[in-house]
Amino acid sequence: MPDFLETEQEKTVRAYLNHFARTEIRPRSLEADRMQDIQPDFYQAVQRSGISMEMMPRNPGSRSKEGEQREHTTLRLSVLASEELSWGDASFLLSLPGPGLGGPPVSFIGTPEQRERFFAIFKDTEHPHFGAYALTEPEAGSDVAGIKTRCEAVNGGYRINGTKTFITNGSRADWVVVFASIDPSLGRAGHRTFVVERGTQGFSVGRRHHKLGLRANDTAELVFSDCFVPEENLLGGRAHYEQSKEGFKVAMATFDSTRPLVAAMAVGIARAAAERARELIEERYMLGRALPRYRALREALDDMDRRVRAARLLTWKSAFLADVRQPQSRAASMAKAYAGKEAVLICREALELTADSGEVPDPFLEKWFRDIRVFDIFEGTAQIQRLVVARRLFEEIGAKVGL
Amino acid sequence: MFRFDWDEDSRAVAELARDFGRAAAASDREAAETGAVPAGLRKQAGELGLFDLTRRVEDGGLGLAALAAGSAVTSLVAEAPTIGTALLLPEIGSPFGAPAGAFFADGGAGAGGYRRPAGLRLERGRVTGRIAFAAAAPGGGEGFLVAQAGDGDRLCRVSAGACALEDAPSMGLSAMRRVSAAVDGDAASDTPFGAAERTGLFLAQAPFFHGYGRAALHYARAYAAERQAFGKVIGGFQAIGFLLADVAMEVEAAELLWQEAAWRAAQGEEALRLAADALRAAKDAAYFAVNSCVGILGGHGFVDDHPAERWLRDVETLSALTGNRWALGQAGAESAQGEEAHGVA
């Protein structure tokens, strides 16, 4: 039976992270956005608080080693955490030390030795360390299968050439999970997944992007020019790729586990905007008065709340399915598409509802209006999510429609 | 920790309802055209216990909780929308003790306080007034009627003789008896019909809309997988595929809102606002799904060769029977949760 009981663990995580977001993130949010960077004192606060990727588990959706049937709570807790921290400021969540989106592929297909080696740096809590995930290219965004970055087998490893773009935490990552093709004619089957470490010869950071929103978070271009990567940095080892499409599957499996997290971030921002709009409107109007002129405002606020809840529930369901090892690609895309769409609308409505003539727009609402726009774009655009959902819908009845 | 799976008993009941619906689906159009559910199907539904899903155990029912019962209603309506609604909607009063065949109607003011100019009044033990539009079982029976009293809404039991039922034609739900009623008679009993009861009513109504939403999604999908245009099936065009994806999202979101509301109500939490929101979302999703289904079928959706146009009429009629979305918004806003949210408690 569906169950919405909040456990003590959930309450604790939620309350703790909300407190952290309220006291350590929000007060820094506007300045960080203006500076397009997060100052070191935030990382000191992170260190003091004990917040880490252990609370935002580094391996969301990681496979059970004891048995595939065992139920995990990992992703469900992660989406709760993701919503709370994004309620503070999603840029700060994305900038938390840890493997980031690079974590899932290392967990999914990394050998035990690779997992140990690449995750080891995150045990150092004295200094922030970052991982990153480099799939998108200037000419291959949604079309993941069409990546142009090449890898060539050479003595002792591989040589990588190509450019990756829009890479979260790209300029400060200690290592980056990089997708490259060993033979474009093989399509998806030719994909290989590497971990490229900072300082590797031939690996450099290009420009840092200036963005509409999420400005405090580092988003960079990465350049690979005859970049030699040793054999032991091929995730899973050569044998892993003998099955066709395995590299592509890794990219897709990563999205199945990260899309609920991104959906939860959108929920967090939308919730923040809806709450802020309600606060500001209640300061200016008496919503409890039974005057028709206020009813439209009240209904608009209520409708925003309802849509935030619906987006949250879709997100929770996709996380639950992942935790119990049920197929959830459709659910993950539904959550991402719905949350992204509704959050964009809610943030705009919040700004509109509070934009009285002659008043300076609320800076937080302005910021969230800018921040939220990318949630309908990254981790798969709105169109890609609908493509995934539609394909799964037709697959359910065994129909091949060529979408 | 939140979860979204179903226990075996709930699944079994839902599968029973679904299988009945699949068997009944072939008669859905006939039922709409003749204005009645075939007697054999009605009898079979009774034998399967489908009229007793939420009826209290002490009244001879299965006493299922709203979640399990709603899941079964959705499963049946998704397969045979017109018949499923015609059979089960008149039983909407069963969670509140209405016996099978009783005429249930909401003529109260509503727990949210939206003021109905007309409706039913209970004064000095007598129920009077008019019900404009309600669902009724064939033949009609005694009335289980929500009436406004001095201390709030009351659920009143009124004899059949006090309810002058008249058929009320409408564009949809034509397999079900739709009535208006002039009521004038003594209440044999009356009990409070407050926020908890209204929450239960909203939760019982929403699954019918979920059923129509699913039916429309599945029908449009099957059509899009076969219908050819421009040299390929239309499901292969993103304009169609994306619309189906949007329908699936709205239908799923509405069902999840309802699940949470039903779960919280079952825990004893005040859930009127959540239930009103869930019903409102269910109405919107069902309309979006059925309207999209008509659109995906194009001209075929507009004519009665396919059920889409009938479902569109049904959904709007069902919406009229269950309170419009503005009234639901008002009910939610003026609930305890709404007052808290607006800072006016």
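Ser75(B) counts as buried, with 25 C-beta neighbours inside 10 Å. In this predicted model, Ser75(B) belongs to helix H4 of chain B, and that helix is mostly covered, with 14 of its 14 residues buried. From there, this briefing moves through the helices of chain B, then to the chain-to-chain contact, and ends with chain A.

**Ser75(B) and helix H4 of chain B**

- Once residues up to four places away in sequence are set aside, Ser75(B) touches Ala14(B), Ala17(B), Arg18(B) and Gly21(B).
- Ser75(B) also pairs up in space with a distant part of the chain: Gly211(B) is 136 residues away in sequence, yet the two C-alpha atoms are 6.4 Å apart.
- Helix H4 of chain B covers residues 66–79, and its 14 residues should span 20 Å at 1.5 Å a residue; the end C-alpha atoms are 20 Å apart, so the two values agree.

**Gly84(B) and the pairing of H5(B) with H6(B)**

- Gly84(B) sits in helix H5 of chain B, and it counts as buried because it has 32 C-beta neighbours inside 10 Å, where 20 or more is the cut-off.
- Apart from neighbours within four places in sequence, Gly84(B) is in contact with Gly21(B), Leu76(B), Val77(B) and Gly211(B).
- Gly21(B) therefore turns up twice in this part of the model, as a contact of Ser75(B) and as a contact of Gly84(B).
- The C-alpha atoms of Gly84(B) and Phe208(B) are separated by 8.4 Å, although their positions lie 124 residues apart along the chain.
- Helix H5 (residues 81–88) and helix H6 (residues 195–224) of chain B have axes that come within 10 Å and cross at roughly 170°.
- Angles over 145 degrees count as roughly antiparallel, and H5(B) and H6(B) are therefore roughly antiparallel to each other.
- On the H5(B) side, Pro81(B), Gly84(B) and Thr85(B) make the contact, while H6(B) contributes Phe208(B), Gly211(B), Tyr212(B) and Ala215(B).
- Sorted by class, this helix-to-helix contact has 4 nonpolar and 3 polar residues, with no charged ones.

**Helix H7 of chain B**

- Helix H7 of chain B runs over residues 238–266, and its 29 residues reach 41 Å from the first C-alpha to the last, close to the 42 Å expected at 1.5 Å a residue.
- H7(B) is largely enclosed by the rest of the structure, because 24 of its 29 residues are buried.
- After H7(B) comes Gly268(B), which has a positive phi near 90°.

**Where chain A meets chain B**

- The contact between the chains takes 37 residues from chain A and 39 residues from chain B.
- On the chain A side, the elements giving two or more residues are helix H7 (292–323), helix H8 (329–354) and helix H10 (382–396).
- Of these, H7(A) gives the most, with 12 residues.
- By class, the side of chain A that touches chain B has 21 nonpolar, 4 polar and 12 charged residues.

**Chain A overall and its domains**

- Chain A has 10 helices and 7 strands, and buried residues make up 53% of its 403 residues.
- Among contacts in chain A between residues at least 6 apart in sequence, 77% join residues at least 24 apart.
- Chain A is divided into domain 1 (8–122), domain 2 (128–244) and domain 3 (248–396).
- Where domain 1 and domain 2 of chain A meet, 27 residues of domain 1 are in contact with 23 residues of domain 2.
- Helix H1 (8–35), helix H3 (74–94), helix H4 (103–109) and helix H5 (112–120) of chain A each supply at least two residues of the domain 1 side.
- That side of domain 1 has 15 nonpolar, 10 polar and 2 charged residues.

**Two backbone angles to look at in chain A**

- Phe166(A) is not a glycine, yet its phi is positive, at about 55°.
- Phe166(A) lies in strand S3 (residues 157–168) of chain A and is buried, with 20 other C-beta atoms within 10 Å.
- Arg325(A), also not a glycine, has a positive phi of about 65°.
- Arg325(A) is found in the loop between H7 and H8 of chain A, and with 16 other C-beta atoms within 10 Å it is partly exposed.

Note on methods. Residues are numbered from 1 along each chain as its sequence is written. Chains are lettered from A and ligands numbered from 1 in the order in which they are written. This is a predicted model: local features need pLDDT of at least 70, side-chain atom pairs count only at pLDDT 80 or more; totals for chains, interfaces and linings use all residues. Axes are lines fitted to C-alpha atoms, for helices over the stretch in contact, and angles run from 0 to 180 degrees between N-to-C directions. Helices (H or I, at least four residues) and strands (E, at least two) are DSSP runs, numbered from the N terminus. Angles under 35 degrees count as roughly parallel, over 145 as roughly antiparallel, 65 to 115 as roughly perpendicular and the rest as oblique. Two residues are in contact if their C-beta atoms, placed from the backbone, lie within 7 Å. Ala, Val, Leu, Ile, Met, Phe, Trp, Tyr, Cys and Pro count as nonpolar, Asp, Glu, Lys and Arg as charged, and the others, Gly among them, as polar. Domain bounds come from an automatic or database domain assignment. The expected span of a helix is 1.5 Å times one less than its number of residues. A residue is buried if 20 or more other C-beta atoms lie within 10 Å of its own, exposed if 12 or fewer, and partly exposed in between; C-beta atoms are placed from the backbone.
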